[in-house]
Amino acid sequence: MPRYEYRVVPAPERGKKAKGAKGTSGRFAVALEELMNEMGAAGWEYQRTDTLPCQERVGLTGKQTTFQHMLVFRRELAEEAVSDAEVTALLEAPKAEAAPAEAPAEVTELPDQPEEKRDAVAAARDVAAALSARAREGKAPALGPATPGDKPASKADVAAE
């Protein structure tokens, strides 16, 4: 089964002057013909023209929907090393069961000083790994007053001030 890549380019908005092209439609046809011939010379095959909505900003907060005319081209990709049968076999193959994750080794103390040959980045990674290995997982601390004696002010207290 052949595989394709696609290229979408905007349709020309204005015609081009050319000898023998009279009127707006004739000049537009010349511009479109040049674009299609350029794409064809590069190996792209014309597929279709689509008109798609595009939302644009107008001013600071406004939006406006305009319609853009796009030309769709495609070309066949070179043969790949993997055949369709191989892809199908890979997709249908049963997935291997994941091995249970091993618990990280516990680190009891931080490394004293990194070796002289190691750079600062490697030392920082070692320290971060040691700290995260020692950290306990659990619930996040409850947020409340800064000290036990501080009580949040009521609305009446705030209004009286």
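Where is R74 found? R74 sits in strand β3, and that strand is where I'll spend most of this talk.

Quick housekeeping before that. What you see is a predicted model, in which local features need pLDDT of at least 70, side-chain atom pairs count only at pLDDT 80 or more, and totals for chains, interfaces and linings use all residues. Residues are numbered from 1 along each chain as its sequence is written, and side-chain values use heavy atoms, with hydrogens and water left out.

Okay, the overall layout. The protein has four helices and three strands. When I say helix or strand, I'm talking about DSSP runs, numbered from the N terminus: H or I with at least four residues for a helix, E with at least two for a strand. Reading from the N terminus, the order is β-α-β-β-α-α-α.

Now the strands. Strand β1 covers residues 4–10 and runs antiparallel to β3, with seven bridges joining them. For two strands to count as paired, DSSP has to find at least two bridges between them. In this pairing, E5 stands opposite R75 in β3. On to β2, which pairs with β3 over 13 bridges, again in the antiparallel sense. You can follow that along the strands: L52 is opposite Q68 in β3, and Q55 is opposite T65 in β3. β2 and β3 make a hairpin with three residues between them, and G59 in the turn has a positive phi of about 70°.

While we're at the hairpin, have a look at Q64, which is in strand β3. Its C-alpha is 8.3 Å from that of C54, and the two are 10 residues apart in sequence. Skipping neighbours within four places in sequence, Q64 is in contact with C54, Q55, E56 and V58; contact here means heavy atoms within 4.5 Å. Q64 has 42% relative accessibility, so it counts as partly exposed. The cut-offs are under 20% relative accessible area for buried, over 50% for exposed, and partly exposed in between, using a 1.4 Å probe and protein chains only.

Back to R74, our opening residue. R74 comes in at 19% relative accessibility, so it counts as buried. R74 lies over the face of Y4, at 3.8 Å from the ring centre. The rule for that is NZ of Lys or CZ of Arg within 6 Å of the ring centre and within 35 degrees of the ring normal. Not counting residues up to four places away in sequence, R74 touches Y4, E5, Y6, G43, W44, E45 and Q47.

Next door in the sequence is F73, and here's something fun: the structure holds one aromatic pair. The rings of Y46 and F73 have centres 5.7 Å apart and planes at 70°, so they meet edge-to-face. To pair, rings of Phe, Tyr and Trp (its six-membered ring) need centres within 6.5 Å; planes under 30 degrees apart are stacked, over 60 edge-to-face, and the rest tilted. Y46 is in β2 (residues 45–58) and F73 in β3 (residues 62–76), so the pair ties together parts that are 27 residues apart in sequence. Y46 counts as partly exposed because it has 35% relative accessibility, while F73, at 1%, counts as buried.

F73 also belongs to the largest nonpolar core, which has six residues: V9, A11, M39, W44, L71 and F73. Such a core is a set of buried Ala, Val, Leu, Ile, Met, Phe, Trp, Tyr and Cys residues joined through side-chain atoms within 4.5 Å. In soluble globular proteins, nonpolar side chains tend to be buried together. Among the residues that W44 touches are M39, F73 and R74.

Past the strand there's L77, in the loop between β3 and α2 (84–92). L77 and R3 are 74 residues apart in sequence, yet their C-alphas are 5.6 Å apart in space. Leaving aside neighbours within four places, L77 is in contact with R3, Y4 and E5.

Last, the whole protein. Of its 161 residues, buried ones make up 10%. Among contacts between residues at least 6 apart in sequence, 53% join residues at least 24 apart.
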